[in-house]
Amino acid sequence: MRYVTLWTALPLVLAAALLTPLAWAGAPPPAPPTAPRPRVPALARAWPVGTRPPVLRGWQPPPTDYGPGHRGVDLAAPPGSPVRAVAPGRVLFAGRVAGRGVVSLELRGTDLRTTYEPVRASVGVGAEVTAGEVVGTLEAGAHCGPAPCVHWGLLRGGTYLDPLSLLPPWLLNGGPSRLLPVPPAAWRTGAAPARPDGSAGVSP
């Protein structure tokens, strides 16, 4: 009885051994690891408004493409403030969307684009702009509630990114170092300018 059972099971074992490689051959290969997305270069040379405006609301990426979140940053500024390009680029859009003025710029040499709203555009589509160039004026709007602001966005393709990542540390944290002017007399005589209290500045 034992031999009958073994001989009966042998065809099943052979069939399983023969079919297993076929099942493996039909399975899709494992997906290659996804390459990390390129970082955002810190190429901005100006804030969109002011010199270091207060951030009323920061970037809050949504968990899904259509989920809740905040796809940019809100910078405090009074209506009528000049809105500037943060980096060199080309105007992709300048018009109104859902009643609000929007300016969108393609940043030169990158796959990035920035958006500014609500803005009354002073540039046209296709215009080349430099860093710090005025692209419009801030309109009054309800985006930030009672506090006026400019909403600044950054995109790579259809993905929203943090616009503040465009700012280099010297611009994000304050501003570039500035040399104070020295009176011409100090250059001629070699004397250091006096301190506010009347004492000499630096002893030779």
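Biologist: Which residues does threonine 114 touch, not counting residues up to four places away in sequence?

Modeller: This is a predicted model, and the contacts of threonine 114 are computed from it. Threonine 114 touches Val86, Val103, Ser104, Leu105, Leu107, Trp152, Gly153, Leu154 and Leu166. The residue belongs to strand 6, and its side chain makes a polar contact of 3.0 Å with the side chain of tyrosine 116.

Biologist: Is threonine 114 buried or exposed?

Modeller: Buried means under 20% relative accessible area. Threonine 114 has 0% relative accessibility and therefore counts as buried.

Biologist: Which residues have the most contacts inside the largest nonpolar core?

Modeller: That core has 30 residues, and those with the most contacts inside it are Leu105, Tyr116, Val135, Trp152 and Leu166. Two or more residues each come from strand 2 (73-76), strand 5, strand 6, strand 9 (134-138) and strand 10 (149-156). Beyond its sequence neighbours up to four places away, tyrosine 116 touches twelve listed residues, among them Pro48, Val83, Leu105 and Trp152.

Biologist: How should one read the order of strands in the open sheet?

Modeller: Strands of a sheet pair through backbone hydrogen bonds, either parallel or antiparallel. Here three strands form an open sheet in the order 3-9-7, with antiparallel pairing. Strand 3 (82-84) and strand 7 are the edges; each has a single partner strand, so one side of each lacks a neighbour in the sheet. From one strand to the next, the twist averages 40 degrees. Strand 3 is joined to strand 9 by three bridges, and valine 83 has glycine 136 as its bridge partner in strand 9.

Biologist: How many salt bridges does the structure hold?

Modeller: There are six salt bridges. One of them pairs arginine 90 with glutamate 106, the closest N and O atoms being 2.9 Å apart. This pair links distant parts of the chain, with arginine 90 in strand 4 and glutamate 106 in strand 5, 16 residues apart. Arginine 90 is partly exposed at 31% relative accessibility, and glutamate 106 is partly exposed at 30%.

Biologist: Which residues are linked in a network of salt bridges?

Modeller: The network links Arg96, Arg120 and Glu139. Arginine 96 and glutamate 139 meet through their side chains at 3.1 Å, N to O. Arginine 96 lies in strand 4 and glutamate 139 in the loop between strand 9 and strand 10, 43 residues apart. The side chains of glutamate 139 and arginine 120 also form a salt bridge, at 3.3 Å, N to O; arginine 120 is in strand 7, 19 residues from glutamate 139. As for accessibility, glutamate 139 counts as buried at 11%, arginine 96 as partly exposed at 48%, and arginine 120 as exposed at 52%.

Biologist: Which backbone geometry deserves attention in the loops?

Modeller: The peptide bond from glutamate 117 to proline 118 is cis, with omega near -5 degrees. Proline 118 lies in the loop between strand 6 (112-117) and strand 7 (119-121). Alanine 98 has phi near 50 degrees, a positive value in a residue other than glycine. Its place is the loop between strand 4 (89-97) and strand 5 (100-107), and at 80% relative accessibility alanine 98 counts as exposed.

Note on methods
Residues are numbered from 1 along each chain as its sequence is written. This is a predicted model: local features need pLDDT of at least 70, side-chain atom pairs count only at pLDDT 80 or more; totals for chains, interfaces and linings use all residues. Side-chain values use heavy atoms; hydrogens and water are left out. Helices (H or I, at least four residues) and strands (E, at least two) are DSSP runs, numbered from the N terminus. Buried means under 20% relative accessible area, exposed over 50%, partly exposed in between (1.4 Å probe, protein chains only). A nonpolar core is a set of buried Ala, Val, Leu, Ile, Met, Phe, Trp, Tyr and Cys residues joined through side-chain atoms within 4.5 Å. Contact means heavy atoms within 4.5 Å. A polar contact is a pair of N or O atoms within 3.5 Å; within protein, one must be able to donate a hydrogen and the other to accept it, and residues adjacent in sequence count only if both atoms are side-chain atoms. Two strands pair if DSSP finds at least two bridges between them. Axes are lines fitted to C-alpha atoms, for helices over the stretch in contact, and angles run from 0 to 180 degrees between N-to-C directions. A salt bridge is a side-chain nitrogen of Lys or Arg within 4 Å of a carboxyl oxygen of Asp or Glu.
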